[in-house]
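Please look through the structure below with the sequence beside it, and keep the numbered points of this note at hand while you do so.

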Amino acid sequence: MSSDPVDLRQLWGEGWSITLAPRSPESALRMMGVQDIESMPSELGAAFAGRDPRNGPPVLLAATLVDGHWSAIVESEASTGWVGTHSDVLSLLAAPGKPACTAFSDPNQLLVAFCQHASQPCGIDPRTNRRWGPYSHHAAESLRLVGFPAGYATEERPVPEPHRVAVGALLVVRAITGIQLNHEHLAGPWIGGLSSKPAP
C-alpha cells in the first residue's frame, strides 16, 4: 500500500470525522448505535450527498476494514455532534492495549480524541498541541516520536505539518493507534447505516 499521507480536508472538505477502532466494521457500527447495516457505495461522497445534516439525527456512518484487527468509521454530519467523540463510544470501541481514536474537523476546529481501554478519554489539538485527559507515558512518547513537542507549539518547536493540519491530525492517529491511514484504506468496501446516537 502507498504510504502517501491523506489530507482529509482536501478529500472531504471542512466537515468530517474518522474513527479507528480495534473492532470489525460491523461490531464498531453497532457500538456506535447502528442497528440496520447495509452495503454502501465505494464513493462515500455519493452516499453522504443525499443527507441533509439540518434534519438532525439519525446520522449516517460508514465503516471499512483497515487490516485484520482495525476498522475505520467515517461520518460527515455534525449538527448533533460527532458520534465518534462520545466518551462512552470511545471506551466501548477500545480494547486492551489498543485504544480507539477519532479525528474530526468542522469549520471551527480540528481535534483528535482517543481512549485507552477502561480509561477516561484524552484529546489533542494538532495545531497548537494543547492536550487534555489522563495521558499515559506510552501515548505521550508516541506523540513525541512523530514530532509533537512537549508543551504548547511555538515557532521554535512547531507541530508536524503546520500548513496541512488535517495531515497533522492523522499523524496523531498514527501515534495513538499505530495505523497510518492512506488512500487505499479509504477505498472500501464500505458497510454502514443510520445511528440514532444522541449528541455527546
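The points below go from the confidence of the model to its strands, an aromatic pair and a helix.

1. Please bear in mind throughout that this is a predicted model. The average pLDDT of the protein is 86, and 88% of the residues score at least 70. Among the elements, helix α2 (residues 25-31) has the highest mean pLDDT, at 97, whereas helix α3 (residues 44-49) has the lowest, at 70, and you may wish to keep that contrast in mind as you read.

2. A good place to begin is strand β5 (residues 100-106), which pairs with β6 in the antiparallel sense over 7 bridges. The two strands form a hairpin, with 2 residues between them, and one of the bridges can be found by looking for A100, whose partner in β6 is C115.

3. The pairing continues on both of these strands. Strand β1 (residues 16-21) runs antiparallel to β5 and is joined to it by 5 bridges, with I18 having A103 as its bridge partner in β5. Strand β7 (residues 122-124), in turn, pairs with β6 in the antiparallel sense over 3 bridges, and here the partner of F114 is C122.

4. How many residues of β5 are buried? The count is 7 of the 7, so β5 is largely enclosed by the rest of the structure. In a regular strand the side chains alternate between the two faces of the sheet. In β5, A100, T102, F104 and D106 point one way, while C101, A103 and S105 point the other way, and all of them are buried. For β6 the count is 6 of the 7 residues, so that strand, too, is largely enclosed by the rest of the structure.

5. F114 deserves a second look, since it counts as buried at 0% relative accessibility. The structure holds 1 aromatic pair, and the rings of F114 and Y135 form it, with their centres 5.3 Å apart and their planes at 90°, so the pair is edge-to-face. For an angle to count as edge-to-face, it has to be over 60 degrees. The pair links distant parts of the chain, 21 residues apart, with F114 in strand β6 (residues 109-115) and Y135 in the loop between β8 (131-132) and α5 (137-145).

6. On which side of α5 do its buried residues lie? A139, S142 and L143 are buried in this helix, and they cover an arc of only 100° around the axis, which puts them on the same side of α5. H137 and L145, on the other side of the helix, are exposed. The buried residues of α5 pack against β6, β7, β8 and α6 (165-177), and so strand β6, already described for its pairing with β5, appears again among the elements that α5 packs against.

7. Finally, please look at what comes after the helix: α5 is followed by G147, a residue whose phi is positive, near 110°.

Definitions and conventions: Residues numbered from 1 in each chain as written. Predicted model: local features only at pLDDT ≥ 70, side-chain atom pairs only at ≥ 80, totals over all residues. Heavy atoms only, no water. pLDDT = per-residue confidence, 0-100. Helix = DSSP H or I, 4+ residues; strand = E, 2+ residues; numbered from the N terminus. Phe/Tyr/Trp six-rings, centres within 6.5 Å; stacked < 30°, edge-to-face > 60°. Buried < 20%, exposed > 50% of the residue type's maximum accessible area, 1.4 Å probe, protein only. Pairing = 2+ DSSP bridges. Arc of directions from axis to C-beta. Contact = heavy atoms within 4.5 Å.
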